[in-house]
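Grab the model and work through these exercises at your own pace. Try each task before you read its solution.

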Amino acid sequence: MKAEDITVIDLVGKTSLADAMIIASGNVNRHVAAIAEALIEAIKNSGKPSPQVEGMPACDWVLLDTGDIIIHVFRPEVRQFYNLEKMWGTDRPNERLDN
């Protein structure tokens with residue numbers, strides 16, 4: 001679905017909520033919805049339980065919680081406003097994952 005600016009954040013040792021967080025952007029509300037719908041379908045097709053989903057009516061920010069992975073799909077302005085990357089420390093060089 002051509003999600004943009006995809007970031008993966010390792011949450012191991014930071015929280016017990018999940019093991020990883022994925023953050024991605026869609027250009028407009030409809031693009032955010034299409035990305036989220038494709039992810040929901042892919043998760044279901046992989047044999048995993050359906051994720052918990054929040055934010056689909058407005059599609060400014062859609063959150064999918066699979067249990068082990070939390071996925072956020074934002075419109076760019078909303079992503080910039082909430083700045084989850086900064087909140088979870090990906091902008092701190094000593095806390096980045098080594099690839």
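**Exercise 1: burial and surface**

What percentage of the 99 residues in the chain is buried?

*Solution.* Keep in mind that this is a predicted model. Buried residues account for 35% of the 99 residues. Now turn to the outside: the chain has an accessible surface of about 6,300 Å², and carbon and sulfur atoms contribute 53% of that area.

**Exercise 2: the fold in outline**

Work out the order of helices and strands, then look at how contacts span the sequence.

*Solution.* Start by counting: the chain has three helices and five strands. Next, walk along the sequence, and the pattern reads β-β-α-β-β-β-α-α. Finally, take the contacts between residues at least 6 apart in sequence: 47% of them join residues at least 24 apart.

**Exercise 3: aromatic pairs**

Find the aromatic pairs, and classify the one formed by W61 and Y82.

*Solution.* Step one: searching the whole structure turns up three aromatic pairs. Step two: in the W61 and Y82 pair, the rings sit 4.6 Å apart centre to centre, with 50 degrees between the planes. Step three: stacked needs under 30 degrees and edge-to-face needs over 60, so an angle of 50 degrees makes this pair tilted.

Step four: place the partners. W61 belongs to strand β4 (residues 61–65) and Y82 to helix α2 (residues 76–82), so the pair ties together parts that are 21 residues apart in sequence.

Step five: zoom out, and ring pairs join W61, F74, F81 and Y82 into a cluster.

**Exercise 4: buried or partly exposed?**

Sort W61, Y82 and A34 by their relative accessible area.

*Solution.* The cut-offs you need are under 20% for buried and over 50% for exposed, with partly exposed in between. W61 has a relative accessible area of 26%, so W61 is partly exposed. Y82 comes in at 38%, so Y82 is partly exposed too. A34 has 16%, so A34 is buried.

While you're at A34, find its place in the fold: A34 lies in helix α1 (residues 29–45). The C-alpha atoms of A34 and A3 are 9.5 Å apart, with these positions 31 residues apart along the chain.

**Exercise 5: how far to trust it**

Which elements have the lowest and the highest mean pLDDT?

*Solution.* Begin with the whole chain: the mean pLDDT is 89, and 89% of the residues reach 70 or more. Among the elements, helix α3 (residues 84–87) has the lowest mean, 90, while β4 has the highest, 98. Then check residues 92–99, where the pLDDT is below 50. Beyond near neighbours in sequence, that stretch has six contacts in the model. Where pLDDT is low, don't read the predicted coordinates in detail.

Technical notes: Residues numbered from 1 in each chain as written. Predicted model: local features only at pLDDT ≥ 70, side-chain atom pairs only at ≥ 80, totals over all residues. Heavy atoms only, no water. Phe/Tyr/Trp six-rings, centres within 6.5 Å; stacked < 30°, edge-to-face > 60°. Helix = DSSP H or I, 4+ residues; strand = E, 2+ residues; numbered from the N terminus. Buried < 20%, exposed > 50% of the residue type's maximum accessible area, 1.4 Å probe, protein only. Contact = heavy atoms within 4.5 Å. Areas by Shrake-Rupley, 256 points an atom, 1.4 Å probe, with all protein chains shown as cover. pLDDT = per-residue confidence, 0-100.
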